[in-house]
Amino acid sequence: MAKNITFEERYTLDRMLRSKYSIPRIASCLGRSYKTVRREISRCQKDHYRADIAQINASKKMARKQIFTLTKQAENYIIENLTENKWSPMIISKRLISEGLQCVSHTYLYRYIKKDKESGGELYKHLTHPDKYHSKKEYKGSIPNRTSIDKRPEEANNRERIGDIEVDLIVSPKNQGSSIVSSVDRTSRYCVLDKVAQKTKELVSDVVINGLSNIGFNIETLTSDNGTEFTDHEYIAKSLNSDYYFADPYSSYQRGSIEQLNGLVRRFIPKGTFIDDVDNSSLKNVEEKLNNRPREVLEWLSPIEYLAKQGIKTESGRLRV
């Protein structure tokens with residue numbers, strides 16, 4: 001599949017829109033993502049998509065050379081806070097404005113960093129997820145019938161529904177003793193935390209299934225890393241009537257929700273803690289605190305409150321149907 005949409009695809013899109021096909025159906029037919037098709041439609045005026053006009057607009061955009069017009073003062077500010085203070089492009093963008101230096105968006109800064117890398121620079125190494133700028137690593141493990149995250153539906157990728165779960169393990173020092181199976185819904189950020197005595201595929205799969213079976217909503221997909229503890233993914237998927245996907249190797253950014261959750265858990269259960277010493281009651285108390293924690297991404301609702309707005313009632317911080 002070509003990276004850029006071809007004129008033939010634009011013509012098909014034009015015809016299908018005129019025939020009142022839905023965007024998800026068109027995306028499926030073209031083999032493109034929902035977001036790609038939506039972005040393509042935006043090349044023309046609303047409800048007036050024309051393949052020829054879209055092609056002209058795309059050609060003009062491709063012909064433009066990316067030029068970054070940062071003032072020297074702003075550029076020095078960006079480089080210093082990115083490399084020395086490890087600020088994110090979002091923070092830098094907001095502070096640039098408040099400091100009265102220059103008004104640029106965080107997406108502009110990401111493009112600036114990418115351009116720097118293409119020129120041999122190393123600014124990207126100071127990002128939280130520098131792997132996003134590396135080429136994809138090929139999976140060379142031994143998990144049978146593994147399905148790549150590349151095939152995960154766009155509804156899950158775009159957080160358009162409740163029920164797309166990311167799963168991971170929080171381990172004890174040197175991987176000794178018990179671990180915590182952490183699960184989080186990508187949309188609501190509702191989490192489930194359960195102990196597992198050992199990292200065997202049998203025990204982990206049972207804990208995942210038991211933790212999610214009565215969560216209060218349907219499990220649509222599950223996504224994890226490529227740890228061998230998730231080798232029984234087919235059994236998990238069948239038990240939960242869902243689909244299971246694996247992230248690319250060394251690509252933790254593809255599982256941002258679970259990475260953030262694990263970071264929050266570590267505020268209550270610091271690294272270096274042996275999970276054997278954490279009783280189940282204390283773990284469930286952490287789970288309840290996190291499910292009642294307001295989130296900016298939820299417009300300052302907690303996961304419990306967000307789910308309640310969707311008609312999923314809660315009781316004492318836990319869900320019930």
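These legends go with close-up views of a predicted model.

**View 1. The whole protein chain.** Here you can find 13 helices and seven strands, counted as DSSP runs numbered from the N terminus (helices: H or I, at least four residues; strands: E, at least two). Of the 321 residues, 42% are buried, meaning under 20% relative accessible area with a 1.4 Å probe, protein chains only. Among contacts with a separation of 6 or more, 59% link residues 24 or more positions apart; contact means heavy atoms within 4.5 Å.

**View 2. An open sheet of five strands.** The strand order is 3-2-1-4-5, with mixed pairing; two strands pair if DSSP finds at least two bridges between them. Strand 3 (191-196) and strand 5 (243-246) each have a single partner strand, so one side of each lacks a neighbour in the sheet. Neighbouring strands are turned by 25° against each other on average, direction ignored.

**View 3. Strands 1 and 2, with the helices on the sheet.** Strand 1 (residues 164-171) and strand 2 (residues 179-185) run antiparallel, joined by seven bridges. Look for Val171, which stands opposite Ser179 in strand 2. Helix 11 (residues 256-268) packs on the sheet, touching strand 1, strand 2 and strand 3, and its direction makes about 40° with that of strand 1. Helix 12 (residues 280-291) also packs there, touching strand 2 and strand 3, at about 165° to the direction of strand 3. Axes are lines fitted to C-alpha atoms, for helices over the stretch in contact, and angles run from 0 to 180 degrees between N-to-C directions.

**Notes for all views.** Residues are numbered from 1 along each chain as its sequence is written, and side-chain values use heavy atoms, leaving out hydrogens and water. Local features need pLDDT of at least 70 and side-chain atom pairs count only at pLDDT 80 or more, while totals for chains, interfaces and linings use all residues.

Methods
Buried means under 20% relative accessible area, exposed over 50%, partly exposed in between (1.4 Å probe, protein chains only).
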